[in-house]
There are 2 protein chains.
Amino acid sequence: MQTRNTLANIRIVLIYTSHPGNIGSAARAMKTMGLSELYLVNPKSFPDKQAVAMSSNATDILDNAVVVETLQEAIADCQLVVGASARHERSLSWNIQNSRECGELLVDQAENNQVAIIFGRESSGLSNDELAQCQHLLYIPANPHYSSLNVASAVQIISYECRMAWLARQDNKKKLSKNRERENIATTREMEGYYKHLETVMIDSGFLDPKNPKHLMTRLRRIYGRIHLDRSELNILRGMLVAFQKHK
Amino acid sequence: MQTRNTLANIRIVLIYTSHPGNIGSAARAMKTMGLSELYLVNPKSFPDKQAVAMSSNATDILDNAVVVETLQEAIADCQLVVGASARHERSLSWNIQNSRECGELLVDQAENNQVAIIFGRESSGLSNDELAQCQHLLYIPANPHYSSLNVASAVQIISYECRMAWLARQDNKKKLSKNRERENIATTREMEGYYKHLETVMIDSGFLDPKNPKHLMTRLRRIYGRIHLDRSELNILRGMLVAFQKHK
């Protein structure tokens with residue numbers, strides 16, 4: 001990964017896009033800011049001439065776009081997954097950051113890792129299930145009385161913030177960020193394996209009642225999702241679970 | 001002027017816009033960021049149903065838009081006039097700033113003054129005569145190999161930067177600390193109680209050998225130490241440990 005341009009490691013994922021024109025506008029927005037990797041989860045119509053028309057010659061982004069059936073497929077190889085949310089409230093347990101803070105985080109991580117930013121449906125954004133697959137949430141601090149950003153405009157702003165953060169790093173190459181020193185961050189797939197394992201151990205111990213799970217797994221995902229575990233740390237936590245299982 | 005909202009003193013001026021849809025998209029972009037004042041110099045077609053369609057209910061901005069014949073009329077009452085330019089070079093004779101620096105400048109001035117940002121034609125930007133009427137130039141640091149921003153996308157980014165600068169001023173005024181937003185973070189004493197509990201459970205399960213502990217506790221402290229658990233989250237983790245203990 002280290003030989004790739006940092007911005008090339010930032011993936012834009014659009015979920016269930018209804019208007020193909022928005023896919024084209026998003027591709028144009030990405031390219032103006034130097035981003036190139038576009039994933040489309042179950043788009044209503046793609047390829048589509050409307051998308052080409054709105055892309056204004058950013059057709060290379062469309063040609064290379066990867067179409068998948070599920071969000072899981074789009075993020076399986078990613079070390080950091082950020083969901084774009086219209087929700088402004090900073091909840092106690094969510095790792096929610098504004099577009100500027102998040103641009104910096106994404107660029108930090110993208111130097112050595114694959115990262116993804118998820119944008120939801122035009123009408124309703126991301127579902128709770130989709131949000132649960134994100135380690136961070138980002139919000140654009142829009143006008144609370146009219147926060148109706150077009151999805152391509154949201155992509156434009158986030159891509160812009162990524163570029164600005166990247167340019168600031170170029171300007172400041174000597175400044176080492178704390179995150180840059182960390183490599184080998186666990187992928188989404190590895191984290192999902194951990195959650196599954198944890199759930200099994202919790203059910204076996206009686207702590208989690210599968211008939212009445214409440215929000216326990218969601219809360220645990222929020223806790224572990226914001227640590228950015230590296231692989232050796234994840235191995236410790238999984239080893240602990242194995243010991244608990246054997247011990248019973 | 002001082003009683004008006006600062007953002008209401010920031011005027012967007014579009015010159016000779018060819019596509020009425022761009023006027024609508026620009027109105028929507030402005031409104032999402034809390035800007036409201038739109039001037040149109042000699043638009044090709046306005047009012048126009050395409051503009052309404054693209055405005056997505058930001059029709060109040062369109063209804064209040066002021067149509068004039070010349071740039072002079074659009075900026076006659078302004079104390080600061082900034083031109084948006086695709087030119088990146090910082091010329092010696094021009095006062096040129098990037099979109100972020102310029103957002104701060106505009107908000108600074110707009111607290112007590114009327115300011116304007118001028119966007120040129122879709123095809124060719126601002127003419128030299130028009131640039132000469134600006135006191136500052138701003139550029140968006142786009143991809144040099146593809147800097148083709150749609151005019152409404154450029155309005156979106158500049159409006160966003162104005163809003164971010166305005167919000168930063170509000171924040172500075174309130175002097176809110178970042179940590180105040182999360183409450184009920186576990187204290188050191190509570191975290192120490194957790195580590196002690198975790199250690200006991202690990203020893204009981206055989207995962208941790210107290211005669212040869214290696215750096216296991218140190219590593220776990222590093223993992224949990226960076227989550228900044230709140231009390232309800234800590235209660236979940238402790239409850240889980242209790243369940244594991246009872247289960248044996």
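Two residues are in contact if their C-beta atoms, placed from the backbone, lie within 7 Å. Keep that in mind for the exercises below, and remember that this is a predicted model.

**Exercise 1. Work out how many residues each chain gives to the A–B contact, and what the chain B side is made of.**

Step 1: Count by chain. Chain B puts in 46 residues and chain A puts in 44 residues.

Step 2: Look for the elements behind the chain B side. Those giving two or more residues to it are α1 (20–32), α7 (151–174), α8 (188–205), α9 (216–225) and α10 (231–247) of chain B.

Step 3: Sort that side by class. You get 21 nonpolar, 13 polar and 12 charged residues on the side of chain B that touches chain A.

**Exercise 2. Find which residues touch the most other members of the largest nonpolar core, then list the contacts of V13(A).**

Step 1: The largest nonpolar core holds 119 residues, and the ones touching the most other members are V13(A), I118(A) and V13(B).

Step 2: Skip the neighbours within four places in sequence. What V13(A) then contacts is Y39(A), V41(A), A74(A), I75(A), A116(A), I117(A), I118(A) and F119(A).

Step 3: Check for a core apart from this one. There is another, of 21 residues, including M240(A), V201(B), M202(B) and L220(B).

A bit of background: in soluble globular proteins, nonpolar side chains tend to be buried together.

**Exercise 3. Decide how the radius of gyration of chain A compares with the globule rule.**

Step 1: Start with the inventory, which is 10 helices and 7 strands in chain A.

Step 2: Compare the numbers. For 248 residues the globule rule gives 18 Å, and chain A comes out close to that at 19 Å, so chain A is as compact as a globular protein of that length.

Step 3: Add the extents. The C-alpha trace of chain A spans about 60 × 45 × 35 Å along its principal axes.

Step 4: Round it off with burial and contact range. In chain A, 47% of the 248 residues count as buried. Take the chain A contacts between residues at least 6 apart in sequence, and 84% of them join residues at least 24 apart.

**Exercise 4. Split chain A into domains and describe where they meet.**

Step 1: Domain 1 covers 6–171 and domain 2 covers 188–247 of chain A.

Step 2: Taken over C-alpha atoms, the centres of these two domains of chain A are 28 Å apart.

Step 3: Their contact uses 9 residues from domain 1 of chain A and 8 residues from domain 2 of chain A. On the domain 1 side, that's 6 nonpolar, 3 polar and no charged residues.

**Exercise 5. Is I203(A) buried or partly exposed, and what does I203(A) touch?**

Step 1: Place the residue. I203(A) sits in helix α8 of chain A.

Step 2: Apply the cut-off. Buried needs 20 or more other C-beta atoms within 10 Å, and exposed means 12 or fewer. I203(A) has 13, so I203(A) is partly exposed.

Step 3: Leave out residues up to four places away in sequence, and I203(A) touches L208(A) and P210(A).

Step 4: Try a distance. From I203(A) to R221(A) is 18 residues in sequence and 16 Å in space, C-alpha to C-alpha.

Step 5: Follow R221(A) to its helix. R221(A) is one of the buried residues of α9 (residues 216–225) of chain A. The cover over the buried residues of α9(A) includes α6 (128–132) and α8 (188–205) of chain A.

Terms used:
Residues are numbered from 1 along each chain as its sequence is written. Chains are lettered from A and ligands numbered from 1 in the order in which they are written. This is a predicted model: local features need pLDDT of at least 70, side-chain atom pairs count only at pLDDT 80 or more; totals for chains, interfaces and linings use all residues. Helices (H or I, at least four residues) and strands (E, at least two) are DSSP runs, numbered from the N terminus. Ala, Val, Leu, Ile, Met, Phe, Trp, Tyr, Cys and Pro count as nonpolar, Asp, Glu, Lys and Arg as charged, and the others, Gly among them, as polar. A nonpolar core is a set of buried Ala, Val, Leu, Ile, Met, Phe, Trp, Tyr and Cys residues joined through C-beta atoms within 7 Å. Domain bounds come from an automatic or database domain assignment. The radius of gyration is taken over C-alpha atoms; the globule rule is 2.2 Å times the number of residues to the power 0.38.
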